[in-house]
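Please look over the sequence and the model shown here before reading on. The report that follows walks through selected parts of the structure, one heading at a time.

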Amino acid sequence: MDDTKRTCRRRREVILNHLGLGLLSTALTKEEVAAPLDAGLAAVQFGAESVSLHVHRDGSGVAVLTIDNPPVNALSRGVFDGLIRLTHEALEDDNVKLLVITGANQKFVAGAEIASIQDSIELLRNTPDRLDADSMRLMEREHAWLNWLESQSKPVVAAMDTFALGGGLEVAMACHARVATRRTKLGLPELALGVIPGLGGTQRLPRLVGMKKAVDMMLSSRSLKADEAKNLGLVDEVVGGSDPAQLIDAAITVGKEIAEGMRPFVRATQLTDRLEPLPEAKKIIDERAYPPNTVVHPFACLDAVQAGVQMGGSSGVDAERRAVVACLYNDASEAMTHAFFAERKTANVSGVTDQGLQPRPIRSVGIIGGGLMGSGIATALLFSGIAVVIKEVSRQLLDAVVNTVTANLDRAVERRRLTREQRDRLLSMVTPTLQFADFVAVDMVIEAVVENLKVKQDVFREVEKVVKPDCILATNTSTIPIDQIATATQSAHRMLGVHFFSHASGGDRADARGVGAGDRGHARTGQSPAQDAHRRGQLPWITVNRIFFPFFQAASLLVDCGVDPYRIDR
C-alpha cells in the first residue's frame, strides 16, 4: 500500500474512532426478540401509523404474510412489530410447513420511512445519551429477529414485486429464498442518505453476490433489475408476469422444493463460497476507500464489511449496528436526507403535475452526433429499453460510435448488469445512419454536436423538415441559450435542452431547460432514461456550470489578488 493510501486508511480509522465505532457483542433471547417495545424504546417511535399485516393459511401447510403499509409498504416501527409477532405465530404453528412474506398492492418493501430518518437525526442530536442507547436496543432486537428468521428449519421465501429496497431487501436476504417479478428493482440505497445498511445488509449481500459487486452496489446506491439479480445469485427465480397470484405460486413452489430437499436451504450469513479470499477482499475494500473523502458513511460501510470478512458475520453485524447510529450524528446524513426530499420536490411541476397530465411514451430517439456524449446518451437510452437511430457525417465516424456503444454494453455484460442475450437484443435496437430522413418515425431527437450556435441551428433546420409534427427536439448544449437555437427554426414550441451529465451512459442525471410553451412538454419527458432530470426555465448554462463558473471565477480572482493557491484549496 503506497503512502497516500496508507494515509487515507489511517484517516478513516481516526474518523471512525472519533465517532466511537467499535464492536458490540450482544445476544438477545427468544423472549426478548418477541417481546413488545417497552416505554423507553417507544421514544423513537415516530408519528401515528396505519398499517396492516395479516397471515393467510391455506390448509396445505402454506402461510402467506402480507405487509400492507401504503403507499410503499415502508418498514415503520409498527410494521416491524407486526412482522416479529406474526412470523413467530406462523412458524411456531405445527400446521405451517412454509412461510411466504410479500407486500400488498403489488409492492414488496421500499425500505425504512425516510421521514423517520430525519426525525431520528433530530432526536439523536437533541437527546443523544438516551436515544443512542434506545436506538441500539431497537436495532439489536431487529437484528435478533432477522437472525432468528434465517435460522428457522421451515422455509421462508420472499415474494417481491416492483421494488425491494433498503430494509426491504435486508428482510428478503434473511429469508431462505427470493422470488421476484421481472420489473422488480433491488438495492441498498442507504448511503445516498448519509447512512449505511442497518439490518445486516453489509453482511448478507457480500455473501450472496460476492464482495466486489456488493461493495459497488452499496457505495453507489445502485439498484439491480430482477434478471441481473438472478444472474448474481441475489434472486432465485424471476416471474415474467405481474399477476400477484403467479408470484405467490412461484414462491410457494420454491419453498416446497426447499422443504423437499430439491433446493438448498440457504442461510446467507453462513455462506462463504462467494466471498473472495481475505487478502483479495481487503484489497477490494482498500481500493474503494481511496481517495480520501470528508464524509464518514462510506468508510463506516466498508469497515462493517471488513469486520464480517475477518471476524465473521456476527461481528460484522455488531460493527454495522454501531456504525448506523454513529452516522446519524454526522452532518452528511442531515444534508443528504435534505437533498433526498429536495430532489423529489422537482417532480412537482406547476402547470403539469397539478393538471393531471400524463407522460408521453418515448419508444425511439434519434441522436445527432456520436462522440463521447452522443454514444453515452445512446447507451443510456438502450438501458431504458428505448430504440435509437444514430446519425453521423461519415461512415468512419458512424462505425466508431457503434463500436463505442457495443463496448459500453460489453462492459455491462462483464459486470453482470446484462446477459449476453440482453446485450444482443439491445444492439439490435441501434440503427446507424448518414441520413436525416431516417428520423421520420422517432418520438424525440437529441442533438449532441459541437458547441457552436450556427451548427446547431443548421442541424435543427434539417431535422424539422423530416420528423413527425409532435416529435420533441432536444439539444445537449451546456452553454448556449435554447431560445437562440430555436430562433432559426419553426419549432420553438417543441424544443428543449436536455444535458446529460458525463458520463452519459450512467443515465441517472440530466438537466432540462425549455423555451416558452415547450416548458410544459419537456417536464414530463425527463424521467427516462434519467432518474433525476433537473427541470428549469429558460436560463443560460446548465445547473452545474451556473454553480461552477462563479466558484472558479472567485478562486481565480483570489489568485490574481495574490492569495496563496494552497490556501485557497484549503
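## A loop with unusual backbone angles

Asn105 is found in the loop between strand S3 (98-103) and helix H4 (114-126), and, in this predicted model, Asn105 has a positive phi of about 60 degrees although it is not a glycine. Gln106 lies in the loop between S3 and H4 as well, and its phi is also positive, at about 55 degrees, although Gln106 is not a glycine either. Most residues other than glycine have a negative phi, and most peptide bonds are trans. As for the surroundings of these residues, Asn105 counts as exposed because its relative accessibility is 53%, whereas Gln106, at 33% relative accessibility, counts as partly exposed.

A further backbone feature is found in the loop between strand S2 (62-68) and H3, where Pro71 lies. The peptide bond that joins Pro70 and Pro71 is cis, with an omega of about 5 degrees. Ser221, which follows H8, has a positive phi near 60 degrees.

## The chain as a whole

The protein chain has 22 helices and 17 strands, and of its 570 residues 51% count as buried. The chain exposes about 25600 Å², of which carbon and sulfur atoms supply 53%. If one takes the contacts between residues at least 6 apart in sequence, 72% of them join residues at least 24 apart.

One pair of residues gives an example of separation in sequence and in space: Leu193 and His297 are 104 residues apart in sequence, while their C-alpha atoms are 9.3 Å apart. Leu193 is found in the loop between S7 and H7, and because its relative accessibility is 6%, Leu193 counts as buried.

## Nonpolar cores

In soluble globular proteins, nonpolar side chains tend to be buried together. The largest nonpolar core here has 69 residues, and Trp145, Met160, Leu205 and Leu234 are the ones that touch the most other members. H3 contributes the largest share of this core, namely seven residues. A second, separate core of 29 residues includes Leu409, Ala412, Val498 and Phe500.

Leu234 can be followed further, since its contacts beyond four places in sequence are known: Leu234 touches Leu169, Met173, Arg178, Leu186, Leu205, Leu208, Val209, Leu224 and Ala229.

## A buried threonine in H3

Is Thr87, which has 0% relative accessibility, buried or exposed? Thr87 counts as buried because its relative accessibility is 0%, and this residue lies in helix H3 (residues 77-91). The side chains of Thr87 and Trp145 are joined by a polar contact of 2.9 Å. Leaving aside residues up to four places away in sequence, Thr87 touches Leu65, Leu99, Ile101, Trp145, Trp148 and Leu149.

## Enclosed helices and a small sheet

Helix H6 (residues 167-174) is largely enclosed by the rest of the structure, because eight of its eight residues are buried. Among them are Gly167, Gly168 and Glu170. In helix H8 (residues 211-220), the buried residues are Met211, Lys213, Ala214, Val215, Met217 and Met218. These buried residues of H8 pack against several elements, including strand S7 (185-187), helix H7 (201-209) and helix H12 (297-311).

S7 also belongs to an open sheet of three strands in the order S5-S7-S8, in which the pairing is mixed. Strand S5 (163-165) and S8 are the edge strands, each pairing on one side only. S7 and S8 pair in the antiparallel sense over two bridges, and Leu186 stands opposite Leu224 in S8.

## Parallel strands around S11

Strands of a sheet pair through backbone hydrogen bonds, either parallel or antiparallel. Strand S10 (residues 364-368) pairs with S11 in the parallel sense over five bridges, and Ile368 stands opposite Lys391 in S11. From S10 the chain crosses through helix H15 (residues 372-383) to S11, and this β-α-β crossover is right-handed.

S11 is joined to strand S12 (residues 430-433) by four bridges, and these strands run parallel. The bridge partner of Ile390 in S12 is Pro432. Strand S11 (residues 387-391) is mostly covered, with four of its five residues buried.

Key. Residues numbered from 1 in each chain as written. Predicted model: local features only at pLDDT ≥ 70, side-chain atom pairs only at ≥ 80, totals over all residues. Heavy atoms only, no water. Buried < 20%, exposed > 50% of the residue type's maximum accessible area, 1.4 Å probe, protein only. Polar contact = N/O pair within 3.5 Å; in protein donor to acceptor, adjacent residues only side chain to side chain. Contact = heavy atoms within 4.5 Å. Core = buried A, V, L, I, M, F, W, Y, C linked by side-chain atoms within 4.5 Å. Pairing = 2+ DSSP bridges. Right-handed = clockwise from strand over helix to strand, strands pointing away. Areas by Shrake-Rupley, 256 points an atom, 1.4 Å probe, with all protein chains shown as cover.
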